[in-house]
Every structure is written in structure tokens, then in C-alpha cells.
Amino acid sequence: MSAIKQTQTNAPYDVERVRADFPILQRRVHDKPLVYLDNAASAQKPHVVVEAMRQLYEEEYSNVHRGVHFLSGCATLRFENARETARRYINAGSVDEIIFTRGATEAANLMAYSFGRTFLKAGDAIVLSQLEHHANIVPWQLLAAERDIKIKIAPIDATGQLILEEYEKLLTPEVKLVAISHMSNSLGTILPAASIIKLAHVRGIPVLLDGAQAATHMKVDVQALDADFYMFSSHKIYGPTGIGVLYGKKAWLDKMPPWQGGGDMIDKVSFKGTTFKPAPQRFEAGTPAIAEAIGFAVALDYVSAIGRANIMAHEKALLDYGTQLLSEIKGLTIHGTAAEKGAIISFTMNDAHPQDIGMLVDRQGIAIRTGHHCCMPLMEHLGISGTCRASFGLYNTFEEVEALAASLRKAAELLS
């Protein structure tokens with residue numbers, strides 16, 4: 001047994017007890033035990049999340065806010081308690097700084113529409129990085145085309161880490177926003193968020209962090225980071241799809257106009273004009289994702305109860321063990337070797353197409369992601385069309401890492 005595996009085996013983290021909370025992990029795929037290593041795309045859901053949503057629909061469902069009857073009061077209380085749970089999870093200063101969105105993608109679009117159309121004009125610039133997910137590229141490109149705004153790209157080094165010195169050079173007076181990943185969904189790189197923010201703030205530039213991956217794999221404290229905005233999604237943190245959060249400092253949100261109109265975000269409506277509620281309600285038009293918000297909160301509490309430090313240690317051990325085993329496979333190249341890295345291994349194998357590798361390991365019951373991972377500019381920078389990506393979560397085991405390595409060795413033999 002390797003030293004990496006032995007260290008984790010002696011640790012108090014009880015992965016089998018965790019796995020028992022996820023019924024789907026008991027199923028078989030192609031008559032093999034399911035090995036789910038596609039967590040960066042979307043994580044599985046513990047029973048308590050599904051049960052909380054079922055209970056709402058069967059026992060307490062009603063629309064939230066404005067209703068004076070009992071069920072509306074119950075649903076409203078649980079919905080707003082979910083906002084408090086999200087606030088606590090990232091240590092925001094107030095629930096008024098927590099906006100529920102359909103996910104990080106909608107949060108980025110909200111930012112581009114409301115912040116971008118309010119504070120950016122022709123000739124201004126935004127700084128992104130080469131690591132960005134399409135969700136943190138395309139909304140800004142749409143805004144740039146509309147407003148004649150320039151997009152600057154901060155480069156990465158050979159390991160996949162941001163080059164801070166080059167990033168700093170981009171922070172010229174015309175830059176009005178930095179929008180950058182906290183952790184790469186493709187390479188796993190954890191970017192130096194505190195330094196990124198400090199360098200921008202010295203120049204009076206606000207920063208939006210895409211925390212869709214980081215909020216899953218590490219402790220996030222938006223006040224300690226001094227982030228102006230932070231966005232993340234529920235479905236990557238073991239919660240339901242269709243819900244996420246945009247955090248924003250109240251001083252910024254109070255200056256940003258609504259981006260959608262409808263019920264629940266208004267103060268008073270007449271045909272002469274409309275006034276709006278303060279944040280966060282002004283950004284939450286219409287009936288929200290009520291059950292999803294409640295399931296999201298349960299997922300956040302579930303992760304917090306296990307302990308993010310415990311989860312990080314477990315995932316780091318899986319990452320180290322997986323990196324060790326996969327590095328021993330002839331013809332396999334790991335992309336993304338930054339010193340600060342989350343539990344993601346992105347790789348290619350000789351000239352084999354990633355999709356072919358993914359299909360071969362799927363026959364062994366192993367789910368990995370293949371393709372460009374919504375990071376086509378990054379793939380172009382790396383000179384490849386895509387990668388295979390194994391991403392680990394709180395329920396994965398060393399035996400599953402070994403199963404992945406064994407399946408890749410078989411794939412290498414077949415493809416050779």
C-alpha cells in the first residue's frame with residue numbers, strides 16, 4: 001500500500017458511512033459497480049436533500065412571500081432560512097448580499113447585464129483569465145460587442161497557474177472589472193484569489209470570483225477574501241440543479257438596477273412607472289426555485305456537518321494517489337500540475353480521442369467527463385481538442401481510483 005493511501009486509511013474520515021447517504025452509488029453500470037468520477041460537472045445528491053424536497057412538496061408546499069396563509073408562511077420561512085444557510089456557508093456579511101439565481105451561469109449573466117450595463121462604457125475593459133469556463137466568457141463577450149468594451153486575458157504558466165506578474169500588468173486605468181475563476185473546472189488549478197483581489201483593489205477595481213468549483217472543494221470566506229462578488233452553483237455541492245448564488249457587497253448591489261422584471265421584485269407598480277425593492281429581492285423576479293433552494297440549504301448543511309477541512313484532506317489524498325497511479329501509465333499526460341490544485345485530474349493518452357477513452361472506461365462502470373469542459377479557449381492554448389477529466393468528491397474511494405487506473409491501462413492496450 002502506498003504512503004499516500006496509508007495516510008488516508010488511518011484518518012478518521014469514514015467514507016463508507018458517507019457513501020451510504022448516496023443511494024445512487026449502490027447501482028451497477030454495465031454489470032459493474034458504478035464509479036462516479038464526474039463530480040466537477042455535477043455531483044450526486046445525498047438522501048437528505050431528496051427527502052427535504054419531497055417533504056416540502058408533500059407537506060408544506062406553497063408559493064413564498066406575500067401569502068398570509070399557513071402553508072405560505074411555512075414555505076417562506078424555509079426559503080429565507082436557505083438564504084441564511086448560503087450566507088453562512090461563504091461567510092457573507094448579510095442575507096441581503098445573497099441573491100438566488102439559477103446557478104453560476106445565470107449569476108454571470110446577471111452581472112454582465114446589471115453591473116456591466118451600469119458601470120462599463122465604450123473604451124473600458126474587463127480582465128478574464130485563460131482558465132475561464134464559457135459561462136464567465138460569453139456574457140462578457142456579448143456585453144463587449146454591445147458596448148465596445150475590451151476583454152483582456154491574463155495568461156497561465158506551464159503548470160496551469162495564473163502568472164500574477166502578467167495579470168498585474170493588465171490592470172490599467174481602463175479596467176473596470178476583474179472576473180476570474182477561483183478554481184479551474186478543467187485543470188483543477190486553485191488561483192491565488194486573495195492576491196488577485198488585493199492587486200485589483202489597490203487600483204480601485206472590483207472583482208467577481210467564479211466559485212462554482214472552489215465552493216465545493218474548499219472553505220470560502222468572502223469577507224476574508226474581500227471579494228466584491230462571488231458566484232457558485234448548488235448542483236456541484238451535492239444539491240439540486242436550477243439554483244445557485246450570486247454574492248455581492250451591499251454597497252455594489254444597492255447601485256445595480258434589476259435585470260429582470262416581474263412579481264416579487266417590485267415595490268410599487270403603476271402605468272406611470274415602477275419602483276423596486278432593495279437587494280436581494282430586486283434581482284429575483286417571479287416565483288423562485290423554492291424546493292431547490294431548500295434542497296440547496298440541506299446540501300450545504302450536509303457538507304458543513306462532515307467538515308470542509310475533512311473533505312479537503314480526503315480529496316487531496318485521492319488526488320495525490322490518482323496522480324501517482326495515472327502518471328505511471330505509459331503514454332498518459334496529465335494537464336494541470338499547479339502546486340495549488342483541487343481534486344481534478346485532466347489527461348490525454350497518446351493520440352487517442354478523449355471520447356474513445358471515455359467510452360472504454362464507461363464499459364467498466366466508470367463515469368468520467370471528456371471533451372473541452374466548456375473551456376475551448378484553454379484547450380486551444382494547450383494545443384489540444386480536449387481532455388479526459390476525472391474529478392473526485394467526498395464519497396469517492398481509493399479503490400475507485402485504482403479501478404480508474406486499471407481501466408485506463410486496459411484502454412491504452414486496446415488503443416495501441
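In this predicted model, helix 3 crosses helix 4 with a left-handed sense. Helix 3 spans residues 47-60 and helix 4 spans residues 70-90, and the two pack with their axes 11 Å apart at an angle of about 160°. Helix 3 is therefore roughly antiparallel to helix 4, since angles over 145 degrees are placed in that class.

A look at the side of each helix that takes part fills in the picture. Helix 3 contributes Ala52, Gln55, Leu56, Glu59 and Glu60, which meet Leu71, Cys74, Ala75 and Arg78 of helix 4. By character, the residues of this contact comprise five nonpolar, one polar and three charged. Gln55 lies on the helix 3 side of the contact, as do Glu59 and Glu60, while Arg78 lies on the helix 4 side.

The cysteines deserve a short look of their own. The number of disulfides comes to zero, a pair being counted when its sulfur atoms lie within 2.5 Å. For Cys375, the closest cysteine sulfur belongs to Cys374 and sits 6.9 Å away, so the gap is too far for a bond. Cys388 has its closest cysteine sulfur in Cys375, and here the separation is 15 Å, which is likewise too far for a bond.

Accessibility adds a further detail for these cysteines. Cys375 has 0% relative accessibility and therefore counts as buried. Cys388 is also buried, because its relative accessibility is 0%. Cys375 thus combines a buried position with a sulfur too far from that of Cys374 for a bond.

How values were computed: Residues numbered from 1 in each chain as written. Predicted model: local features only at pLDDT ≥ 70, side-chain atom pairs only at ≥ 80, totals over all residues. Heavy atoms only, no water. Buried < 20%, exposed > 50% of the residue type's maximum accessible area, 1.4 Å probe, protein only. Axes fitted to C-alpha atoms, helices over the stretch in contact; angles between N-to-C directions. Helix = DSSP H or I, 4+ residues; strand = E, 2+ residues; numbered from the N terminus. Parallel < 35°, antiparallel > 145°, perpendicular 65-115°, else oblique. Left-handed = near helix turned anticlockwise from the far one by under 90°. Contact = heavy atoms within 4.5 Å. Nonpolar A, V, L, I, M, F, W, Y, C, P; charged D, E, K, R; others polar.
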